[in-house]
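Take a moment with the sequence and the fold before reading on. The report below walks through selected parts, one at a time.

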Amino acid sequence: MHFFNPTNLIWLIPASGSIVLMYILKLRRRDVVVSSTFLWRQVIRDVQANAPFQKLRKNLLLFLQLLAVAFLVFALSRPFWRGKGIGGRSVVIVVDTSASMGAREGNETRLDQARQQAGVVVDSMRPEDQMILLTAAARPAAITGFTGDKGELARAIGSLKTRDTGTNMRDAVNLAAALVATREASQIDVISDGAFGPITNVNLAKTHVVFHQVGKSRHNIGIAAVDFRHGLSGEKKVEVFVTVHNFDTVPQTCNAELYLERPGTKQPPELLDAHEVKLPPDGESPDIFDLPEPSEAVTLRVKIDAKDDLAADNEASLVITPRKLVKALLVTDENVFLQTGILVDPNVELNVAKPGGFTKPDGYDAVVFDGAAPKTLPDGNYLFVNCSSNQSPATPGAEIENQGLVDTNRNHPVMRYVDFGNVRWTSMRSGKPAGWAQELASSESGAAIVAGEKGQTRALWTGFNLDLAHGKFPFTVGFPIFISNALRWLSHNDESATQTRTGIPLTIDAPATAGRLTVLKPDGSQRSLALPSRGPAVFDDTDEIGVYTVTGDGGFQRQFAANLADYAESDITPHRNPEIGGTMTGQVGRQVTVTREIWPWLAVLLLGLLAFEWYAFHRRVYVS
């Protein structure tokens, strides 16, 4: 046995001596004359026993009090013993809070089941364990720090809510692994329905991963995609595209309804059109609603009257703005394919100039430089096709032969609906993105498409030529879509600026006079957003389905819609064994030398001893 505070044992001598002294001290008594001593024999014995330095009689109370002092002093000295045991674990609980966790399972939701599973993990904590709670939705978030307080963890678990977003489980697992990277005995408990793709190429080291699956149902019909476009034939109409998918194993029928909403008024939504949708098992139905071109911004809502287990994907919103003509300038020696690709969009007014004839970008919403550009350009909106200048978002590198694109950023407006397929270019330059730019597509040798904005400049760079001599891209369907997307984004006229997927940040172009922006969310809450001195503001709190309204000084107002529209999230089929970096299960811990303190047991014994001493004192019996 060892002691943390052995010097406290010295107190045993004076404390015990004081108790004994109290029993041997002679009591001072007052002499009283009595008629007989027959009834006072016990008193006489006490007087004799308390004579100084006499031999003590056996006394239960004296023994109990000395034993109590011994227990107290030993407890204050903190005795302990060493032995072999399992050391404390560092456990990260990752709870999926994405939209699919709101699916109904009888009288509860999947998140309710996840809370119960998380509670079981917390209840399994040993005294040496430390736990932390993370949530996984569009972005991971830490709800607690590492703690051994079961009450704190239970309160945090009870406060969890679902978000109307997809699941970015990869980032959540990476964050969890980073939090326990320096700890010897670590474990990650993932609690989810498994509605996420395989998680590979994560550095888990020796960390164990345990997956807890929740959910059973797959009964769901959802809006898997929603979008709109202005008529390409020159007609003044808008086409709304809606794709409804049946994720169940039995046929389903529902109605897809399109409503015109009037935010800020008490008028009810106006039903514009409705289509019956018949869906085979695991099948979908693309649908188109035709509307007249609006003269001002309007808000539409698409609803399906499906009675399923997930409500988050049964509606979607759109904010449609009036058609705007884009004035573009193409600076080229001669490129018939690029010129034709631009003119496919009837909303583009194109002018063409030779490289020597270009002076300044004034009067144009976007300028396209084909193969060559001035070294110095003022602020403006530019597309650099295999060329660069001081306003280029990328610095060109070496030219590499026989290149194709291997990775694209589908979330950027320029890349919407663009399919490069298996197209290859005879030659392509890789680029080094500037600090204010981002890579939109990669080739085998480096960045191939780069976009960025700074101050009053928006710029797009491609490391490949947009002609038939270097590749067959101009013959693909994606070519005119890419050109149209690029010009609309450069001219701040991209239709995608009025909509986003939930959980994905949205850039808000606002004049400097707008000051500090206020964003009204669909649930009625407000967020304040600072307008940066350079570039657009970025709003990243888009975790609710519906219409967001942005206002600022000088009468600035803009609306945008956020929708789930996520196949992976709407497919609520539970996945029992998702791939999470080589999932491992089992007890986690390490054999270590542990110290076990004894003072809590001594404290319990002391309390029991004092209770018995009190009982013995009050039950004393004197025998004559």
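How are α4 and α5 arranged to each other, roughly parallel or roughly antiparallel? Keep that question in mind. This is a predicted model.

## Two helices side by side

Start with helix α4. It covers residues 110–123, which is 14 residues. From its first C-alpha to its last it reaches 20 Å, close to the 20 Å expected at 1.5 Å a residue. Several of its residues are buried: R110, L111, Q113, A114, A118, V121 and V122. In general, an α-helix has 3.6 residues a turn, so residues three or four places apart point the same way.

Now add helix α5, residues 150–158. The axes of α4 and α5 come within 10 Å and cross at roughly 170°. Angles over 145 degrees count as roughly antiparallel. The two helices, α4 and α5, are therefore roughly antiparallel to each other. On the α4 side, the contact is made by R115, A118, G119, V122 and D123. On the α5 side, K150, L153, I157 and G158 take part. By type, the residues of this contact are four nonpolar, two polar and three charged. A118 and V122 belong to the contact with α5, and A118 and V122 are also listed among the buried residues of α4.

## The whole chain

Step back for a moment. The chain has ten helices and 33 strands. It holds 624 residues, and buried residues make up 47% of them. Consider the contacts between residues at least 6 apart in sequence. Of these, 69% join residues at least 24 apart.

## Two open sheets

One open sheet has three strands in the order β10-β11-β14, with antiparallel pairing. The edge strands are β10 (221–230) and β14 (284–292), and each pairs on one side only. From one strand to the next, the twist averages 20°. Strand β11 spans residues 237–246 and pairs with β14 over nine bridges, in the antiparallel sense. Within β14, P292 stands opposite K237.

Another open sheet has four strands, ordered β13-β12-β15-β16, again with antiparallel pairing. Which strands stand at its edges? They are β13 (270–279) and β16 (315–320). Each has a single partner strand, so one side of each is left without a neighbour in the sheet. Here the twist averages 20° from one strand to the next. Strand β15 (residues 298–304) pairs with β16 in the antiparallel sense, over six bridges. The bridge partner of V298 in β16 is I320.

## An enclosed strand

Why is strand β20 described as largely enclosed by the rest of the structure? Five of the five residues of β20 (residues 381–385) are buried, so the strand is largely enclosed. In a regular strand the side chains alternate between the two faces of the sheet. In β20, N381, L383 and V385 point one way. Y382 and F384 point the other way, and all are buried.

Strand β20 has parallel partners. Four bridges pair it with strand β19 (residues 366–370) in the parallel sense. There, V368 stands opposite L383. Five bridges join β20 to strand β25 (residues 457–462), and this pair also runs parallel. N381 has R458 of β25 as its bridge partner.

## Loops with positive phi

N386 lies in the loop between β20 and β21 (394–408). Its phi is near 55°, a positive value in a residue other than glycine. Is N386 buried or exposed? It has 17% relative accessibility, and the cut-off for buried is under 20%. N386 therefore counts as buried.

A565 sits in another loop, between β32 (557–563) and α9 (567–570). A565 is not a glycine, yet it has a positive phi of about 40°.

## A buried alanine

Finally, look at A486 in helix α8 (residues 478–490). This residue is buried, with a relative accessible area of 1%. Which residues does A486 contact, leaving aside its neighbours within four places in sequence? They are V414 and L460. L460 falls at a position within β25, which covers residues 457–462.

A486 and R416 are 70 residues apart in sequence. In space, they are 9.9 Å apart, C-alpha to C-alpha.

Key:
Residues are numbered from 1 along each chain as its sequence is written. This is a predicted model: local features need pLDDT of at least 70, side-chain atom pairs count only at pLDDT 80 or more; totals for chains, interfaces and linings use all residues. Side-chain values use heavy atoms; hydrogens and water are left out. The expected span of a helix is 1.5 Å times one less than its number of residues. Buried means under 20% relative accessible area, exposed over 50%, partly exposed in between (1.4 Å probe, protein chains only). Contact means heavy atoms within 4.5 Å. Two strands pair if DSSP finds at least two bridges between them. Axes are lines fitted to C-alpha atoms, for helices over the stretch in contact, and angles run from 0 to 180 degrees between N-to-C directions. Angles under 35 degrees count as roughly parallel, over 145 as roughly antiparallel, 65 to 115 as roughly perpendicular and the rest as oblique. Ala, Val, Leu, Ile, Met, Phe, Trp, Tyr, Cys and Pro count as nonpolar, Asp, Glu, Lys and Arg as charged, and the others, Gly among them, as polar.
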